[in-house]
Amino acid sequence: VLLPALRDALAEPPAVGEGRAGVVRVGVVGSAAYQLLPQALRRAAREFPAARIVMRQMVSQPQAAALQTGEVDLAAVRAPSDLPGVTGIRIIAEPFVVALPTAHPLAVLRRVAAARLHAQPFVTLPVDSGPLRDAMIAERALAGASPAVVDEVTDMPALLGLVAAGRGVALVPRSVAGLRLPGLTFRPLVAPRCKAELWLLRRRDDARPLVDGLFELLRQQAG
């Protein structure tokens with residue numbers, strides 16, 4: 001007769017013994033939902049069926065600190081971190097496109113030069129949003145176009161809704177152009193100069209196979 005502890009160990013599911021079961025908490029900026037998460041989460045469900053992946057939407061800046069404290073295990077953010085114990089790689093660097101009301105005069109163009117956005121009413125993220133907003137503003141500034149900010153909102157669906165309502169124009173990451181709203185159209189920029197970056201961060205000392213596997217899956221999916 002097997003002792004209970006030995007019997008339980010022998011009956012342990014293979015995924016547990018191989019480190020592919022358990023909970024992984026992933027912090028993610030909201031805009032990553034359009035470019036990374038849908039396919040990545042479907043693939044993760046197939047490859048790690050015994051795992052529970054918990055998503056937490058967070059802005060970029062608090063996520064590295066949340067990694068340090070163990071509040072999250074992976075973080076998809078808009079900039080790298082220099083906090084001790086945190087490491088990461090850039091997994092996406094994509095150009096911006098112009099979001100326009102369908103009836104806007106610039107919508108008849110196949111491509112829009114950033115200089116043509118000078119003095120146009122501009123819908124964007126709040127000042128304290130971090131690297132993504134900074135890159136949006138820099139794209140215009142490098143072309144000599146000064147923003148005339150009319151609205152600032154914290155999430156991409158609200159931003160696109162305001163553009164569709166005719167409030168102004170916006171610069172958004174290219175992957176966001178997959179979203180469709182009535183009254184909204186997207187145009188590529190002529191010679192874009194800035195990138196919307198996405199970085200994947202983790203703790204250096206977290207060697208769990210499940211974290212390793214999910215980190216690599218997200219890296220591959222982004223590529």
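Q: In this predicted model, what makes the link between the side chains of Asp 73 and Arg 208 a polar contact?
A: The link joining the side chains of Asp 73 and Arg 208 is 3.0 Å long. A pair of N or O atoms, one able to donate a hydrogen and the other to accept it, has to be within 3.5 Å, so 3.0 Å makes the cut.

Q: Which other arginine side chain has a polar contact with the side chain of Asp 73?
A: That's Arg 203, joined to Asp 73 at 3.1 Å. The limit is 3.5 Å, so this pair passes too.

Q: Where is Asp 73, and is it buried or exposed?
A: Asp 73 sits in the loop between helix 4 (60-69) and strand 3 (74-77). Its relative accessibility is 5%, and buried means under 20%, so Asp 73 counts as buried.

Q: What is Asp 73 in contact with, leaving aside its neighbours within four places in sequence?
A: Its partners include Val 23, Val 24 and Arg 25, then Leu 67, and further along the chain Leu 201, Arg 202, Arg 203, Asp 206, Arg 208 and Val 211.

Q: Why is Asp 151 called buried or exposed, whichever it is?
A: Asp 151, which lies in strand 6 (residues 148-152), comes out at 14% relative accessibility. The cut-off for buried is under 20%, so Asp 151 is buried.

Q: What does the side chain of Asp 151 make a polar contact with?
A: The side chain of Arg 167, at 2.7 Å. Set against the 3.5 Å limit, 2.7 Å qualifies. Arg 167 also turns up among the residues that Asp 151 touches beyond four places in sequence, along with Phe 122, Val 123, Thr 124 and Leu 162.

Q: How do you know which accessibility class Gly 166 belongs to?
A: Gly 166 is in the loop between helix 6 (156-164) and strand 7 (170-173), with 49% relative accessibility. Exposed needs over 50% and buried needs under 20%, so Gly 166 lands in between and counts as partly exposed.

Q: And what about Ala 79: which class does its relative accessible area give?
A: Ala 79 has 27%, which falls between the 20% and 50% limits, so it's partly exposed. You'll find Ala 79 in the loop between strand 3 and strand 4.

Q: How far apart are Ala 79 and Trp 199 in sequence and in space?
A: They are 120 residues apart in sequence and 5.9 Å apart in space, C-alpha to C-alpha. Not counting residues up to four places away, Ala 79 touches Pro 131 and Trp 199. Gly 166 and Leu 67 make another pair to look at: they are 99 residues apart along the chain, with C-alpha atoms separated by 40 Å.

Q: How do you know whether the span of helix 7 (residues 209-222) agrees with its number of residues?
A: Helix 7 has 14 residues, and 1.5 Å a residue gives an expected span of 20 Å. Its end C-alpha atoms are 20 Å apart, so the two agree.

Q: Which residues of helix 7 are buried, and what puts them on the same side?
A: The buried ones are Leu 210, Val 211, Leu 214, Phe 215, Leu 217 and Leu 218. They cover an arc of only 160 degrees around the axis, so they sit on the same side of helix 7. What they pack against includes strand 1 (22-28), helix 3 (37-47), strand 2 (51-57) and strand 9 (195-203).

Q: What makes up the largest nonpolar core?
A: It has 33 residues, and those with the most contacts inside it are Phe 96, Leu 159, Leu 160 and Val 172. Strand 4 supplies the largest share of this core, five residues. A second, separate core of 23 residues includes Val 26, Ala 44, Leu 74 and Leu 210. Why would such residues cluster? Because nonpolar side chains in soluble globular proteins tend to be buried together.

Q: Where is confidence in the protein chain lowest, and where is it highest?
A: Helix 1 (residues 4-10) is lowest, with a mean pLDDT of 42, and strand 8 (residues 184-188) is highest, at 98. Over residues 1-12 the pLDDT is below 50, and this stretch has three contacts in the model beyond near neighbours in sequence. The chain as a whole averages 89.

Terms used
Residues are numbered from 1 along each chain as its sequence is written. This is a predicted model: local features need pLDDT of at least 70, side-chain atom pairs count only at pLDDT 80 or more; totals for chains, interfaces and linings use all residues. Side-chain values use heavy atoms; hydrogens and water are left out. Helices (H or I, at least four residues) and strands (E, at least two) are DSSP runs, numbered from the N terminus. Buried means under 20% relative accessible area, exposed over 50%, partly exposed in between (1.4 Å probe, protein chains only). Contact means heavy atoms within 4.5 Å. pLDDT is the predictor's confidence in each residue, from 0 to 100. The expected span of a helix is 1.5 Å times one less than its number of residues. The arc is that of the directions from the helix axis to the C-beta atoms. A nonpolar core is a set of buried Ala, Val, Leu, Ile, Met, Phe, Trp, Tyr and Cys residues joined through side-chain atoms within 4.5 Å.
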